[in-house]
Amino acid sequence: MENHISPYFHIAATKYGGRGCFANNNIALNTQIHQCPAPIGFTISRPFKKEVCSWCYEYQHGSYAKVKIAQLFGKDTCSINFCSEVCKIKFQTIDDKKKVLVQNLLSAEKNYLVGLNKTGNNGNDEDMEVTKLNKEFEVDDYSREEWGIVQEWDAQISRMKESKRLNHLVRLDDGEFSEAKYIITVLFQMYKYSNSNNTTTVATTTTKYFESDFDTQLEMELNLFQTLQSTEMEKYHKYPSLVSSYIKIYKFVKITCTPELQPFITPPTVRSIIGRNLSNAFGLWSETQDSNEDKEFLGFAVYPSASFFNHSCEPNIKKIRVKNELKFVTLREIAPGEELCINYGNFQNENVKERKKQLSEWFFDCRCTKCEADSQNVIKD
């Protein structure tokens, strides 16, 4: 299925490991080679939730959204915000007749607010202890043991009535809450397409992504998501305290979500959703008027078909976000067989040591032509 994403490129193994996108033929400058119609999972950072549209991700720059799906909770209003009625309708169109996505996102915010009012230990002591782990096998053992305990907790919670489950609600910080919302949006896609009446078998190797309709493309994105690499354990080795953080997120999602999503909420599934986000998510950033203006990090989204593009500090394609779509356009003429690469951040101008340090967060050692040349110059100097 990967090789039916675009008529311009195919997926193949790279010389440095993993997979990448390689041009089928000559590609001219300014050619759009791929377009993702929407992500299969997204989240908007809480500080910007009233200023960013939940469909097109337009940033209102301080102005609160006037269009919303809202639910009153005590003195607070839980809401999903939009820049226009058009975007609200488009968002509702992807939901099913039961409005499962809307219900779960509103429930998540309500329970997040409940958690803020909870007192007692929320894992801080545990976080302090786990940061002392400094050997990989210790982190692996700790992770295995803690997630094993979660399996037992999960079985107990599953037998409880919904009202009883709320007694076990955990408190999340803003970052953890953002991750929880992302997980819920992916779980919804799993639920939606497991109940799909779509007669097209999107797993077939002959289905062409670029010739399919929106709904089929989104289903194909979900199938491609299952093939992405998880870097969960690599993240634990670098930041051991994330074990307890991800477990808190799992418990929050388990307690929060409606019955429709519960069959999909298992430790392996949620861990895979988190792990695939870590090295495949695209940041949602505000647009700027000039190069000196700072961008705001609004949230992130996962577009699985776009995750096959590897990084280069001298990219030959660029990513353009148009509302919630991602478009990929060539920056120069591309030769047949040449790998198509984007830039994962704004790292072109830093020295090679700084670039490699920043890119290590994606768990790879950049070997692009620019890094190889710069590294050789450093050795000569």
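Q: Which residues do ring pairs link into a cluster with F9?
A: Rings of Phe, Tyr and Trp (its six-membered ring) pair if their centres lie within 6.5 Å; planes under 30 degrees apart are stacked, over 60 edge-to-face, and the rest tilted. In this predicted model, such pairs join F9, F309 and F328 into a cluster. Residues are numbered from 1 along each chain as its sequence is written, and side-chain values use heavy atoms, without hydrogens or water. Local features need pLDDT (the predictor's confidence in each residue, from 0 to 100) of at least 70, side-chain atom pairs count only at 80 or more, and totals for chains, interfaces and linings use all residues.

Q: How many aromatic pairs are there by this rule, and why is the pair of F188 and Y191 tilted?
A: The count is 14 aromatic pairs. The ring centres of F188 and Y191 are 6.2 Å apart with the planes at 45°, so this pair is tilted. An α-helix has 3.6 residues a turn, so residues three or four places apart point the same way. F188 and Y191 are three residues apart in helix α6 (residues 174-194), helices being DSSP runs of H or I with at least four residues, numbered from the N terminus. Both F188 and Y191 are buried, that is, under 20% relative accessible area with a 1.4 Å probe, protein chains only.

Q: Where is pLDDT under 50?
A: Where pLDDT is low, the predicted coordinates should not be read in detail. The pLDDT stays under 50 over residues 123-128. It is also below 50 over residues 198-203. The chain average is 88, and 89% of the residues score at least 70.

How values were computed:
Helix = DSSP H or I, 4+ residues; strand = E, 2+ residues; numbered from the N terminus. Buried < 20%, exposed > 50% of the residue type's maximum accessible area, 1.4 Å probe, protein only. Contact = heavy atoms within 4.5 Å.
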